[in-house]
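Here is an informal walk through one fold, strand by strand and helix by helix. Have your viewer open while you read.

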Amino acid sequence: MNPTLSTSSQTVIALKGIVRQFGSRIVLDNITLNIERGELFGLLGPSGSGKTTMVKLITGIDSADSGTVHMLGQRMPKLSMLQRFGYMSQSDALYNDLTAKQNLAFFAALYGLNGKQASERINHAMAIVRLLPDLDKPVAAYSGGMKRRLSLAIALLHEPELLVLDEPTVGIDPVLRQSIWKELGAMRERGTTILLTTHVMDEAEKCDRLALIRGGKLTAVDTPEALKVSSGSGTIEEAFIKLGGGE
């Protein structure tokens with residue numbers, strides 16, 4: 001894939017000249033980036049590098065101080081885009097006093113799913129994250145890892161065109177993590193565009209392309225293999241450091 005893709009009908013996410021600051025601190029500094037249809041695209045960077053802020057701008061949760069964000073051809077933020085993408089944040093947005101099924105039904109309704117279709121999608125999403133036996137448990141009784149898995153099920157619920165995942169496998173055991181990555185690969189094969197943030201190097205290797213981010217700046221954008229070649233590195237971790245990811 002071409003690391004310098006221009007905006008086209010295949011562009012699912014387009015950031016142009018994005019600046020975001022809080023007070024005097026610049027969190028994102030002149031970010032321009034295109035993500036194309038069907039890509040599994042990774043944002044790789046340490047905590048505090050600006051990954052989550054970028055995701056919030058893309059999903060319309062936050063607004064940039066300057067620059068533009070487009071998703072699926074629409075200027076963001078735009079409320080009507082809610083049904084076209086799935087989003088899993090770092091913090092679990094769940095109703096603890098409801099059961100998992102009630103949480104899923106609530107979000108299914110937001111996504112325009114109802115009746116048999118909603119039930120089928122709820123069961124399928126919960127099977128993916130291996131929580132189907134716990135469907136009727138109150139979320140308050142879920143462990144932290146189970147809540148992460150439920151949040152992922154909610155993001156997958158409506159089979160969105162675009163899936164945005166902010167460190168989706170944090171707190172999830174290695175066996176389930178492998179299963180989730182298998183499902184993400186299958187979704188990509190079906191044409192779903194996936195954007196995820198991570199600081200896990202082996203996850204970064206699985207992406208079609210990576211954007212390396214440090215201190216609010218993109219230091220490189222390319223395929224994992226091309227990043228290793230261009231930096232003369234044997235691993236993505238070494239490439240990240242050599243391409244401006246560390247001292």
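What follows covers the ground rules, then two sheets, a helix, a surface patch and a loop.

## Ground rules

This is a predicted model, where local features need pLDDT of at least 70, side-chain atom pairs count only at pLDDT 80 or more, and totals for chains, interfaces and linings use all residues. Residues are numbered from 1 along each chain as its sequence is written, and side-chain values use heavy atoms, with hydrogens and water left out.

Helices (H or I, at least four residues) and strands (E, at least two) are DSSP runs, numbered from the N terminus. Two strands count as paired if DSSP finds at least two bridges between them.

## The four-strand sheet

One open sheet has 4 strands in the order 2-1-4-5, with antiparallel pairing. Its edges are strand 2 (25–36) and strand 5 (74–75); each has a single partner strand, so one side of each is left without a neighbour in the sheet.

Strand 1 and strand 2 pair in the antiparallel sense over 9 bridges; in strand 2, Leu28 is the bridge partner of Arg20. The hairpin of these two has 2 residues between the strands, and Gly23 takes a positive phi there, near 65°. At the other end of the order, 2 bridges join strand 4 (residues 66–71) to strand 5, with Met71 opposite Gln74.

## Helix 1 on top of it

Helix 1 (residues 51–58) lies across strand 1 (11–22), strand 2 and strand 4, and runs at about 120° to strand 1. Axes here are lines fitted to C-alpha atoms, for helices over the stretch in contact (heavy atoms within 4.5 Å). Angles run from 0 to 180 degrees between N-to-C directions.

How much of helix 1 is buried? The count is 6 of the 8 residues, so helix 1 is largely enclosed by the rest of the structure. The buried ones are Lys51, Thr53, Met54, Val55, Leu57 and Ile58. Buried means under 20% relative accessible area, exposed over 50%, and partly exposed in between (1.4 Å probe, protein chains only). After helix 1 comes Gly60, with a positive phi near 85°.

## The six-strand sheet

The other open sheet has 6 strands in the order 6-7-8-3-9-10, and its pairing is mixed. Strand 6 (85–88) and strand 10 (217–222) take the edges, each with a single partner strand, so one side of each is left without a neighbour in the sheet. From one strand to the next, the twist averages 15°.

Inside this order, strand 3 (residues 40–44) and strand 9 (residues 209–214) are parallel and share 4 bridges, and Leu44 stands opposite Leu212. Helix 7 (residues 224–231) packs on the sheet, touching strand 9 and strand 10, and makes about 110° with strand 10. Helix 4 (residues 144–156) lies across strand 6 and strand 7 (162–166), at about 170° to strand 6.

## Out on the surface

Leu82, Tyr95, Phe106 and Leu110 make a nonpolar surface patch of about 330 Å². Tyr95 sits in the loop between strand 6 and helix 2 (100–110), and Tyr95 is partly exposed, with a relative accessible area of 38%.

Is Ser47, in the loop between strand 3 and helix 1, buried or exposed? Ser47 is exposed, at 67% relative accessible area. Ser47 and Ala204 are 157 residues apart in sequence and 15 Å apart in space, C-alpha to C-alpha.

Key: Patch = residues over 30% accessible without salt bridge, like charges linked within 9 Å, V, L, I, M, F, W, Y side chains within 5 Å. Areas by Shrake-Rupley, 256 points an atom, 1.4 Å probe, with all protein chains shown as cover. Salt bridge = Lys/Arg side-chain N within 4 Å of Asp/Glu carboxyl O.
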